[in-house]
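Colleague: Got a minute to go through this one with me? I'd like the quick tour.

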Amino acid sequence: MLEPKVWQLTAGSAVLGLVLAAGAVALAGPWDSGQRKAERDWAAAQDRTGGAHHDGERVRMPAPAPSAAGVLAELGVSATSLSAPADLPADLTSALGPLLESPDLGPAPSASVVDVATGEQLFGRRADRPMAPASTIKIATAVAALSALGPDHRIPTTVVTADSGKGGDDKPDASGADDKAGDKGENPTEITLVGGGDATLDRGDLRHLATDTARALRDRGVHRVTVRFDVSLYSGPREHPIGPNDNIAPVTALMAGQGRLDDSAADTFGGPAPRSGDPAGDAADVFADLLRERGLKTSGAPAAARAPEDADRLAVTYSRPVSALVERMLTNSDNDIAESLVRQTAIEAGRPASFAGAQQAVQAELKKLKLPVDGALLRDGSGLNRHDRLTSGLLTALLARAADPERPELRPVLTGLPVAGFSGTLQGRYTDADATTGSGLIRAKTGTLTGVNSLAGTVVGPGGRLLAFAFLAEEAPAPDTAQRALDHLSAELVS
């Protein structure tokens with residue numbers, strides 16, 4: 001028989017273990033049959049043709065992840081019994097205050113640390129001051145998109161035609177060459193590749209789309225086509241205000257491989273690469289080539305045109321679910337996905353799919369969630385715009401809302417954050433001696449522009465409480481030293 005003290009220690013350890021396990025599930029969820037839901041959806045969506053486009057439907061909503069408070073209630077234990085010490089804010093002030101004075105963070109950095117369970121701000125320094133967030137704005141992009149669209153929404157790319165009659169020869173041309181002049185007496189069937197705004201569309205998706213299109217056309221007795229492409233879903237300027245840049249392609253409703261002109265399109269997207277000036281036209285050219293490989297003749301080069309309103313759908317391919325897109329955007333800091341998601345949010349809200357329409361839609365969605373958006377300016381979804389403004393207080397509020405048991409659809413915001421020292425944009429960080437305690441334990445979104453450095457994420461802090469933090473720095477003298485200072489700040493929160 002266990003002695004009383006040993007029994008008490010064992011029982012206490014069991015309760016603490018359950019709490020930590022529940023907290024880990026809440027952070028990494030939602031889960032489904034032992035697999036993180038977004039990962040399961042990503043695997044299920046590998047064959048991205050066919051299927052259902054969840055437009056307006058909210059099917060298969062993720063179940064709420066277990067919360068520590070719920071587990072403790074079943075055990076008859078109060079959640080407040082594991083609260084951080086009453087003097088935690090003072091401890092944070094003494095720990096973080098001197099680090100914020102580092103000249104590596106510029107003259108006036110902003111900081112916010114929040115207890116996720118209660119929403120209480122445990123530490124704040126200029127937390128309500130709007131500052132340039134750089135890529136940490138993608139947290140706002142993710143929350144707005146998941147809230148407006150739902151985690152299961154998938155973005156379609158379609159091929160349509162308004163021609164119902166038979167076109168071209170009865171037999172395909174074995175050579176597969178373009179017939180630019182066309183044979184006398186033949187009327188090619190016009191088909192249109194319609195961009196839906198999927199920034200992850202790649203050559204493999206176009207290959208499946210071409211296969212399905214060729215099959216549908218053969219069933220109609222069609223062997224000669226004229227290819228058009230429709231990018232009218234988006235409006236306003238295509239170029240980001242920063243101009244042509246390796247960090248982002250022209251923002252258009254149709255692209256393949258994010259318009260990348262090097263081998264990075266074959267790998268996981270993310271990071272700078274030379275970009276095409278006409279990603280939509282390039283995608284249409286690839287699609288036409290793939291149709292010819294499947295025995296169809298094409299008449300002339302693809303050209304931009306709006307699809308007829310009464311067109312029939314020949315084929316469709318869908319993006320991965322928004323939950324997976326959000327995770328990929330946050331982990332890799334993918335600017336193209338970010339601009340796609342804010343435009344999808346605008347479309348859902350009935351606003352123009354433009355930079356201006358997206359800004360209005362995202363801010364309206366955040367207001368619906370009762371988040372502190374005063375002073376916020378979201379001029380884009382990626383954070384490349386130096387005129388963007390967020391507060392560190394808003395960033396921690398966004399993270400806390402994503403962990404809310406009543407908002408399970410927002411959980412991919414947390415699961416998509418890079419892991420310190422292990423994944424995404426944090427893979428090579430937290431290597432200095434004063435920051436290694438954060439390696440593997442901190443999940444955070446990075447942000448970097450010239451003179452601007454930011455970091456916002458989550459960590460289990462003293463007392464076993466999940467903390468959300470955000471640090472914003474402007475006029476930082478050098479990115480490397482600023483990043484190390486931010487890593488040190490966040491590592492101080494590790495329990």
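Modeller: Sure. One term before we start: a residue counts as buried when its relative accessible area is under 20%. Also, this is a predicted model.

Colleague: Fine. Is Phe-471 buried or exposed?

Modeller: Phe-471 is buried, because its relative accessibility is 1% and the cut-off is under 20%. Phe-469 is buried too, at a relative accessible area of 0%.

Colleague: How are the rings of Phe-469 and Phe-471 arranged?

Modeller: They form a stacked aromatic pair. The centres are 5.5 Å apart, with 25 degrees between the planes. The count for the model is 1 aromatic pair.

Colleague: Switching to charges over rings. Which rings does Arg-343 sit over?

Modeller: Two entries there. Arg-343 lies over the face of Phe-355, 4.3 Å from the ring centre. Its charged end also sits over the ring of Tyr-234, at 5.7 Å from the centre.

Colleague: How many cavities of 30 Å³ or more are there?

Modeller: The search of the whole structure gives 4. The largest has a volume of about 70 Å³. It is lined by 13 residues, and Val-251, Thr-252, Met-255, Asp-336 and Ser-340 are the closest to its centre.

Colleague: What's the make-up of that lining?

Modeller: The lining of the largest cavity has 7 nonpolar, 3 polar and 3 charged residues.

Colleague: And confidence? What's the mean pLDDT?

Modeller: The chain mean is 83, and 76% of residues reach 70 or more. Residues 1-87 are below 50, with 121 contacts beyond near neighbours in sequence. Residues 180-185 are also below 50, with 4 such contacts.

Colleague: How should I treat low-pLDDT parts?

Modeller: Don't read the predicted coordinates in detail where pLDDT is low.

Terms used: Residues numbered from 1 in each chain as written. Predicted model: local features only at pLDDT ≥ 70, side-chain atom pairs only at ≥ 80, totals over all residues. Heavy atoms only, no water. 1 Å grid on protein atoms, 1.4 Å probe; cavity = no way out; pocket = protein on both sides within 12 Å on 5 of 7 lines; lining within 4 Å. Points joined across faces, edges and corners; volume = space filled by probe spheres on them. Nonpolar A, V, L, I, M, F, W, Y, C, P; charged D, E, K, R; others polar. pLDDT = per-residue confidence, 0-100. Contact = heavy atoms within 4.5 Å. Phe/Tyr/Trp six-rings, centres within 6.5 Å; stacked < 30°, edge-to-face > 60°. Buried < 20%, exposed > 50% of the residue type's maximum accessible area, 1.4 Å probe, protein only. Lys NZ or Arg CZ within 6 Å of the ring centre and 35° of its normal.
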